[in-house]
Amino acid sequence: MSSTIRSVGIVGAGQMGCGIAQVCAVAGYDVRLHDVTEDKVEAGLATINGNLARQVSSSKLSEAERASALERITAAPGVDDLASMDLVIEAVTEDETVKRKIYQQLCPVLNPEAILATNTSSLSITRLASATDRPERFIGMHFMNPVPVMKLVELVRGIATEDVTFKSANAFIASLDKTITVAEDFPAFIVNRILLPMINEAIYTLYEGVGTVEAIDTAMKLGANHPMGPLQLADFIGLDTCLSIMQVLYDGLADSKYRPCPLLVKYVEAGWLGRKSGRGFYDYRGDTPVPTR
Ligand code: NAD
């Protein structure tokens, strides 16, 4: 564990929040998980339980480690339940208005010394920090999906982030057995600045009829040695998140090369958000994923 952080509150029990909660609990932190409804938190806890059980089956974790990790994660029905946490990581939907609202509710209840981190994939850390009462104790902690598997965390300082905050965040990430890369506070940082335009281009390739879903994914898997095709990866990330990141790049860098593909917009408007909603560029409702185009 890091020297100053003992307890971690997580806001948002979606794909990322659950993954972060899981790795923190396995590393020995006390974790409290919050979402808009208790049902969502319960569903998140069930997912974590299933993931930890799989780690036991594949001998990555002992049964005793699984049981104690689970004991360390508790539900936080209200934001007040996060009051005593040393670090709170916000992992709610990639929407600035939603994130700002959370900070307004959260900041008054937190210990003044607590660090507030965001897992945003693309939004300005400086701008988000300005919506809090602690810009000097605010930092971007960008975990990758799936959190228990992916080794990297991008650390992003806002203009006001103090060195002591950066150092604590750095030590905390190292204690999770992850590697840090430092990115400057520019739209989508490093990984998504490079990855998302590639995914968006794959969607344009589909939109223009250059290839089918299967052809595009096979081309990039076998032709560029990517472990996953770009459309499969888009479904995995969540198409709403992909669209938000492209919009942040497009608005933030004011360059037409970042224009979100209209087909991506259409999928999101249909509620076809990828794996998490059961359908995206593939339909996941059967035993094996079936391309939707
Ligand atoms: P998700 O849709 O799986 O989960 C978002 C969660 O936030 C949901 O459970 C939702 O109920 C909750 N939420 C929304 N409003 C809330 C509120 N007011 N209070 C409490 N909870 C609220 O999304 P995700 O993929 O977990 O993404 C979450 C964050 O992580 C986003 O900022 C995203 O950009 C970032 N991120 C995503 C990925 C990825 O591959 N999906 C990777 C890195 C970072």
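Select Met-16 together with the ligand: a polar backbone atom of Met-16 is 2.8 Å from a ligand oxygen atom, a polar contact being a pair of N or O atoms within 3.5 Å. The model is predicted, with local features requiring pLDDT of at least 70 and side-chain atom pairs pLDDT 80 or more, while totals for chains, interfaces and linings use all residues. Numbering runs from 1 along each chain as its sequence is written, and side-chain values use heavy atoms, without hydrogens or water.

Add Val-92 next, where a polar backbone atom lies 3.2 Å from an oxygen atom of the ligand. At Ser-121 the partner is a polar side-chain atom, 2.6 Å from a ligand oxygen atom. The protein buries 87% of the 830 Å² that the ligand exposes when taken alone (accessible areas by the Shrake-Rupley method with a 1.4 Å probe).

Now display the shell of 25 residues around the ligand, meaning those with a heavy atom within 4 Å of it. Asp-35, Glu-94, Lys-99, Ser-121 and Ile-237 come nearest. Colouring by class gives 10 nonpolar, 10 polar and 5 charged residues, with Gly counted as polar.

Colour by secondary structure (DSSP runs, with helices of at least four residues and strands of at least two). Helix H1 (15–26), helix H4 (96–106) and strand S6 (138–143) each give two or more residues to this shell; H4 provides the largest share, 3 residues. Which domains contribute at least three residues each to the shell? Both domain 1 (7–183) and domain 2 (192–291) do, with bounds taken from an automatic or database assignment.

Two backbone features complete the tour. Most residues other than glycine have a negative phi, and most peptide bonds are trans. Select Asn-145 and Pro-146, which are joined by a cis peptide bond with omega about -5°; Pro-146 lies in the loop between S6 and strand S7 (152–157). Finally, centre on Asp-177, a non-glycine residue with a positive phi of about 65°, in the loop between helix H6 (163–175) and strand S8 (179–183).

Technical notes:
A polar contact is a pair of N or O atoms within 3.5 Å; within protein, one must be able to donate a hydrogen and the other to accept it, and residues adjacent in sequence count only if both atoms are side-chain atoms.
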